[in-house]
Amino acid sequence: MTTRTTQPVQGMSDLGPPEIRIWQEIEQTTRRIMELYGYAEVRTPIAEYTQVFTRSIGDTTDVVQKEMYTFEDRGGRQLSLRPEGTAGVMRYVAGLGPEATGARLYYIGPMFRCERPQAGRRRQFHQLGTEAIGAPNPASDVEAIALQQHLFSQLGLKGLRVEVNTRGLPEDRAAVSRGLASGLQPHRASLCEDCVRRMETNILRVLDCKQPACAEIVKAIPPVTEFMCEESRKYLDEVLRLLRRLEIEVTVNPRLVRGLDYYVHTVWETRHPALGAQDALSGGGRYRIDFGGDAVEGVGFAAGIERLVTALEHDRPGGAPPSGHGPVWIVSHGARALEENMVLAQALRMRGVACGMDLAGRSMKAQMREANKANAGYVLIRGDMEIEKGVVILKDMKDGAQEELDLPEAIEKLVSAGRAEVLKS
Ligand code: AMP
């Protein structure tokens, strides 16, 4: 296949200015909120041994069966690019042993799924996510949801809908599958082809099939909680009670299953009205993952950053909050001035003032154009003549006012203007 060499791989995107700003803002806010809840960042490799995913996510899931980028490396090892964050973090946590109990970790990074690219579905996308390690406990699940909602509201999202359900205990699975099978069996002929297959391989997935005919059938069968033990139902009740205490609004959706096998008890998904058909902004839940005898339990969520950006652009039509005024732009005239201005730029930057200048000796007009393009707050003009006199011309781009100042005076003014910007932000 020939592709244009300047294009990224289909379904993957470059990220650069200006939209990178909103990404950076999301990341900064995330780091700040994580700190409030005592979470530390973890960065695991983007490739893992394939079995890290097949064993934890489950080998009958769509993610593992159809969507993973799996390859053999030069040493004959079976590796996969991570399709989600939890499995790798849990592998890391299992390696830490008992000292990991109580760990609270978060990650931000790229994930890879070889799906058909469409609006809201990328082959490389990004997630931010959390994991709180520890045995099942409704309070931990509720705190993870509270953190998520705090983060989303801090970012400025509105109109979110959190749907909660339970997957029950692993011991419930056989009864749930039997119950669902007996409910679905009479309608088998009306189910879509995928759901007929799912009835044999992963019957829970029938519940979240998007086909209208399947959704109608599912509506009529009993909710999964009906087939679960008392303990699982009580766990969900306690989660809902604590959510009410924290005044976090959720909707119980008995058809919510989440696609992956490792979930136990609480699962949730958050939807946003601006996301269209792919309206899930985040997914989370409690899980139990077994790494050959080392079981790790925890609770967490992952939010898609591309979808967060879409939702934020909808909820905040003005874009990211203004970041104060732009850099100081130094305009030179003459060869000596260019060199002296390089020294000046370095001195300003060392004192925390953002500044830019043309290094290629272009015309003053071209330099002014650059200053406008950079949204400069001040333009500092200094040619060979000003150097002789020891002065600079400083133009405030807000009101166009221009003054001649001694160089040290101009530097102090720019440094304190920069400081005022920092205090404002
Ligand atoms: P999941 O674990 O599949 O529910 O994914 C968690 C979140 O990641 C979703 O709610 C989306 O926001 C995001 N996400 C999942 N798959 C993709 C994708 N292919 N492209 C963009 N975002 C995605």
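**Sheets, helix packing and backbone features of the predicted model**

His 265 lies in strand β9, which spans residues 263-271. In this predicted model, the phi angle of His 265 is near 55 degrees, a positive value in a residue other than glycine. With a relative accessibility of 2%, His 265 counts as buried, because the cut-off for burial is under 20% relative accessible area. Most residues other than glycine have a negative phi.

A positive phi also occurs at Asn 375, where the angle is about 60 degrees although the residue is not a glycine. Asn 375 is placed in the loop between α12 (364-373) and β14 (378-383). Asn 375 is exposed, its relative accessible area being 52%, whereas His 265 is buried at 2%.

Strand β9 belongs to an open sheet of eight strands, ordered β1-β5-β6-β11-β10-β9-β7-β8 and mixed in its pairing. The edges of this sheet are occupied by β1 (40-41) and β8; each has a single partner strand, so one side of each is left without a neighbour in the sheet. At the β8 edge, strand β7 (residues 161-166) pairs with β8 in the parallel sense over two bridges. Within this pairing, Thr 251 of β8 is the bridge partner of Glu 163.

Two helices that pack on the eight-stranded sheet were examined. Helix α5 touches β5 (104-112), β6 (124-133), β7, β9, β10 (280-291) and β11 (294-304), and its direction makes about 15 degrees with that of β9. Helix α9 (residues 230-245) also packs on the sheet, where it touches β7, β8, β9 and β10; the direction of α9 makes about 155 degrees with that of β7.

The edge strand β8 comprises residues 251-252 and includes Val 252. Val 252 counts as partly exposed, at 40% relative accessibility. When neighbours within four places in sequence are set aside, Val 252 is in contact with Val 164 and Leu 240. Gln 124 is separated from Val 252 by 128 residues in sequence and by 31 Å in space, C-alpha to C-alpha.

Helix α5 is also packed against a helix. Helix α1 (residues 20-36) and helix α5 (residues 138-155) pack at an angle of about 140 degrees, their axes being 10 Å apart. This angle makes α1 oblique to α5, because only angles over 145 degrees count as roughly antiparallel. The crossing of α1 past α5 is right-handed. On the α1 side, the contact is made by Ile 26, Thr 29, Thr 30, Arg 32, Ile 33, Met 34 and Leu 36, and on the α5 side by Leu 147, His 150, Leu 151, Gln 154 and Leu 155. Classified by residue type, the contact of α1 with α5 has seven nonpolar, four polar and one charged residues. In an α-helix, residues three or four places apart point the same way, because there are 3.6 residues a turn.

The segment before α1 contains Pro 18. The peptide bond from Pro 17 to Pro 18 is cis, with omega near 0 degrees. Most peptide bonds are trans.

A further open sheet consists of three strands in the order β2-β4-β3, with antiparallel pairing. Its edge strands are β2 (47-49) and β3 (70-72), each of which pairs on one side only. On average, neighbouring strands of this sheet are turned by 35 degrees against each other, direction ignored. Strand β2 pairs with strand β4 (residues 78-81) in the antiparallel sense over three bridges, and Ala 47 stands opposite Leu 81 in β4. Helix α2 (residues 50-57) packs on this sheet and touches β2, β3 and β4; the direction of α2 makes about 75 degrees with that of β2.

Helix α4 (residues 86-96) has buried residues at Thr 86, Ala 87, Gly 88, Val 89, Met 90, Val 93 and Ala 94. The elements that cover these buried residues include β2, α2, β5, β6, β10 and β11. Helix α4 is followed by Gly 97, which has a positive phi near 75 degrees.

Methods: Residues are numbered from 1 along each chain as its sequence is written. This is a predicted model: local features need pLDDT of at least 70, side-chain atom pairs count only at pLDDT 80 or more; totals for chains, interfaces and linings use all residues. Side-chain values use heavy atoms; hydrogens and water are left out. Axes are lines fitted to C-alpha atoms, for helices over the stretch in contact, and angles run from 0 to 180 degrees between N-to-C directions. Helices (H or I, at least four residues) and strands (E, at least two) are DSSP runs, numbered from the N terminus. Angles under 35 degrees count as roughly parallel, over 145 as roughly antiparallel, 65 to 115 as roughly perpendicular and the rest as oblique. A crossing is left-handed if the near helix is turned anticlockwise from the far one by less than a right angle, and right-handed if clockwise. Contact means heavy atoms within 4.5 Å. Ala, Val, Leu, Ile, Met, Phe, Trp, Tyr, Cys and Pro count as nonpolar, Asp, Glu, Lys and Arg as charged, and the others, Gly among them, as polar. Two strands pair if DSSP finds at least two bridges between them. Buried means under 20% relative accessible area, exposed over 50%, partly exposed in between (1.4 Å probe, protein chains only).
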